Every structure is written in C-alpha cells, then in structure tokens.
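Here is a friendly walk through one protein chain. Keep the picture open beside the text and look for each part as it comes up.

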Amino acid sequence: MRKPHLAALFLLLAATVAHALDAVPQSEYRQRRIALAEKLKGGATLLFAAEEPQLDFMPYRQDEDFYYLSGWNEPGAALLIISAGPGSVDRLGTQIPEHSYREVLFLPARNLVTEKYTGIKMDAATKDVTEKTGFAEVLSMSSLPQVLGSFLAEDRRRASSLFTQTDMSSAHAAVEFTGATLGNSGLSAKEVRPLLIPQRMVKSDAEIDLLRKAAVASAAAQKAGMKAIKPGVRERTIAGLELAKMLESGCERPSYAPIVGSGINSTTLHYSSNEATMEKGDVVVIDAACEYSMYASDITRTMPIGGKFTPRQRELYEIVLGAHRAAAAAFIAGKMRLGNVNQRGPEVTDTLDKIAYDYINTHGKDLHGEPLGKYFLHGLGHHVGINVHDPYDPAKPLDKGNVFTIEPGIYIPEEKIGIRIEDTYYVDADGKLVNLITNLPVEPNSVEAGMR
C-alpha cells in the first residue's frame, strides 16, 4: 500500500505540471470567443470546465471546448460569453437597450482541504487573476446565476438564443436554476458544440506548432517500440516502452489507449488489451501516439516481429503504402473530402478514402483470388486537434488549416496479417499537404533496418 503522504506529494506534483502546458497566445483564445459570439446573434453561451476526477483513478483533463475557448486548465470553472445585440421593444412597449459583447470567467471557491492533495488552485480573489487567465472580468462562481439571470431577465426573448454543453450535469443544473430564478421552469439551452466545429477545424499556426511537437514525441515513442520488437516480447512491454518515451518527451498522456497487436491481434482494429506474446513470423501493428499540451497526434506502423517481412507480408505492406501515397498525392485543397466506407461507389470522385480503396482493390488478391478491397474495413482518416478524433463536418472538403490522418489498412484474419500505415497531415497556407510525421521509417526496407 502506498504511503498517504507520498500519494499526496505525487498528486501535488501532477497538479503543478498541469499548469505548465504550452498554449496558444491569450489573444488567440479571445479571438475564438469573439468569433463564437458572432454566431450567437445577441444571445449567450455558458460552458463549464470538466470536474475533478476521483483521486487516484485518473488524471485531470479539461473539457475540450472549454479549453479551446479559454486555455484554462483547472476544474470547476465556467465561461459566459454574451454577444452584442441591438436595442428592441418588448411586447409591452418597453424599450430594451442594446448590449455590448461581454465575457466572464467564473472560478469556484477554493477548497483548502482538497488542495492538500491536488495542489493550489486559483479563485476570483487570486492576485493578478485577470493577467493569469487572460480575462478582463473574473468573478466568483456564486455570481453566475445573477449575471446570467439579469441578462435574460432584461429581455426574456434572449432565452431562445442560449447555448451550452447540453450533456453536462453542471450546465443542465445551471440552466434549470437560472430558469427557476426567472419563474421559467421550462428554460432550456441549445447545444453549443455544432457552432464550434467550423472554428476547431481550422488550426492556427500556434496550434500547428503544438501538433508538430506532439508528432515529434509520438514518432520518438514509435522508434523506441520498433527497436524492442522481437519474438518472446510481450505486446504490453512494447506499449510500456512507448508510454515511457512519451512522458520523457514532455507529453502529459497518450492520445488514446496504445494498440500493440501481433499475429491475429493485428487484424482487430482497436485491439488494446496488449496481452499476447509476440511470435516470430507474425507482424505487429502499433498504433500509439501522445498529447502535447492538450494537442494530439496519431501514428500507426506495422513491423515484422522477426525483423524481416515474409514475401506475402511485404506484398500486402507495399499495397497499403501505395494506397496511402495515392491518397496523399490526390489531395487538392478545397476539393477533396475524407469520405468513409459508405462512399466507395463508382459515382464517388471527391474523397481520399475512395482513392485509397480503389488502389487496394486493384492491387493484389487474397488467398482465394478475390480483390483486397473488402479487407479495408474502416474510413481513411479523421481530423486531429485537441481530440485525436477532432470534430469536423464530413460534408466539407479538406482545406487550409485542416489537420487529419491518412491511414489505409488491410486486415485478413485467415492469414493472421493486419497492416495499417498512418500519418498525421496538415494543409498549409498555400494549400499544400504537409506530413507532420517525419524521421520515422515507413518504407519496408527502412522499417526492417530501423528494427535492427
């Protein structure tokens, strides 16, 4: 059993590290809030930070949309954004004055007992709190009902333009309580996240810099795993080596549960138990990457456990690599979409997924002489950002500032061969596709050499 004082010290250190994230400039967070306010059309949005998890079970991670708008990484806070609106006249003929843009960060009261375990938190009375948070107006959480209630009470029609995270219990409770203070038990709010999707899809230069750091650290972790692969080694051992390298590189956590699937496990797309022992003659799929300052990366490599691909493994590997490169080469900013497995018919001409699928389906056969397309079981990729599966509009073509993966794969259980090759790309200001994953072997000969 751990000694209590050591556990408390660890949590205190973890809390200190949590405040040390790199971040985009505070001015950029404010620009994001202003851009969101323009979509509220005189209304308001109320967002809440993630709550503190139970001690000893999991580390704290901020709500993505809250972090995207605030850069704030402590629990229990709330953010109110009120968009500017014109004056009006209500049904009784009362003149309602115009209101200007307003943003308020609400911080909870400090809990001095809990802080012995979690580290010191900030509140509205903390010295230089506006400078540290980047908000000109920082109030106690206890002020939230009055501020929001007063805004809605001034013109109750504003309630029809109230937005929040509808699935968060704290947001639901705040809206219900505000409704009670106004005598409106039916007060409800609309979901704010769809309004943020177009903003989050386009990454700034500062975000690309963080995504690049996540990619560099993730590639280093993959290299560490690659060099340790050999028969008799547990899948979990490789996962542990890569996790250690991620933390050593300054990342706070993996972007997702690491996948180290060897043999038949390589054909299971999200295999993550990592409990088998690797055997000579098999391949191993390693899908593992990390977050750097809340920004994720995503990388997959496939390697021969004995250090050398068999002729059949190499054949399938080169088909997947060819599909990957065909999709990347077909990219045209503002023209191509990612696409998915339901958009592979002959009428589809504008998705990268279709490009990769057609390549796989016209190169090579299975053991029964049939095309390999049916073994490409998933879509070609997804957007990446604060979430490794960042929100995006699948109907919109990929364009400047977008960050996404290209990850074709072939999975044949009959042959115990699964192969996936995945890199994370971004579209630069000139519309050029740029691979964030550099200095990591991908050619079959390079992979074999990298394992030696």
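## Finding your way

Helices here are DSSP runs of H or I that are at least four residues long, and they are numbered from the N terminus. Please keep in mind that this is a predicted model.

## Q313, a polar residue inside

Let us begin with Q313, which sits in helix α11, a helix made of residues 311-330. Is Q313 buried or exposed? Its relative accessibility is 4%, and buried means under 20%, so Q313 counts as buried.

What does the side chain of Q313 reach? It comes to 3.0 Å from the backbone nitrogen of T310. Leaving aside residues up to four places away in sequence, Q313 also touches G281, D282, V283, P304, K308, I417 and I419.

## Two nonpolar cores

Next, look for the nonpolar residues. The largest nonpolar core has 99 residues, and I229, F404 and I410 have the most contacts inside it. Helix α9, which covers residues 205-228, gives this core its largest share, with nine residues. There is also a second, separate core of 22 residues, and L144, F151, L152 and L182 are among them.

I410 is a good residue to zoom in on. Not counting residues up to four places away in sequence, I410 touches L316, I319, V320, I360, L372, Y375, I417, G418 and I419.

## Two open sheets

Now for the strands. One open sheet has three strands in the order β10-β11-β14, with antiparallel pairing. Why is one side of β10 and of β14 left without a neighbour in the sheet? Both β10 (259-262) and β14 (300-304) stand at the edges and have a single partner strand each, so one side of each has no neighbour there. On average, neighbouring strands of this sheet are turned by 15° against each other, direction ignored. Five bridges link β14 with strand β11, residues 283-287, in the antiparallel sense. You can also find V284 standing opposite M303 in β14.

Another open sheet of three strands follows the order β15-β18-β19, and its pairing is antiparallel too. Here the edges are β15 (403-406) and β19 (433-435); each has a single partner strand, so one side of each lacks a neighbour in the sheet. Neighbouring strands are turned by 35° against each other on average, direction ignored. Strand β18, residues 423-427, runs antiparallel to β15 and is joined to it by four bridges. Across this pairing, T405 stands opposite T424 in β18.

## Aromatic pairs

How many aromatic pairs does the structure hold? There are three. One of them is Y29 with Y67, an edge-to-face pair with 6.2 Å from centre to centre and 80° between the planes. Y29 belongs to helix α2 (residues 26-37) and Y67 to helix α3 (residues 64-70), so this pair ties together parts that are 38 residues apart in sequence. Y29 and Y67 are both buried.

F309 and Y317 form a tilted pair, 5.0 Å from centre to centre with 45° between the planes. F309 is buried at a relative accessible area of 6%, and Y317 is buried at 0%.

## Around helices α2 and α8

Which residues of helix α8 (residues 193-201) are buried? They are L195, L196, Q199, R200 and M201. The buried residues of α8 pack against α2, α3 and β7 (162-164).

Q26 is found in helix α2, and at 40% relative accessibility it counts as partly exposed. Apart from residues up to four places away in sequence, Q26 touches E131, K132, T133 and G134. From C-alpha to C-alpha, Q26 and N387 are 20 Å apart in space, while 361 residues separate them in sequence.

## A last stop in a loop

Finally, find P371 in the loop between α12 (352-361) and β15. P371 is partly exposed, with a relative accessible area of 33%. Beyond residues up to four places away in sequence, P371 touches N361, G364 and K365. The C-alpha atoms of P371 and I360 are separated by 7.9 Å, and the two residues are eleven apart along the chain.

Definitions and conventions:
Residues numbered from 1 in each chain as written. Predicted model: local features only at pLDDT ≥ 70, side-chain atom pairs only at ≥ 80, totals over all residues. Heavy atoms only, no water. Core = buried A, V, L, I, M, F, W, Y, C linked by side-chain atoms within 4.5 Å. Buried < 20%, exposed > 50% of the residue type's maximum accessible area, 1.4 Å probe, protein only. Contact = heavy atoms within 4.5 Å. Polar contact = N/O pair within 3.5 Å; in protein donor to acceptor, adjacent residues only side chain to side chain. Pairing = 2+ DSSP bridges. Axes fitted to C-alpha atoms, helices over the stretch in contact; angles between N-to-C directions. Phe/Tyr/Trp six-rings, centres within 6.5 Å; stacked < 30°, edge-to-face > 60°.
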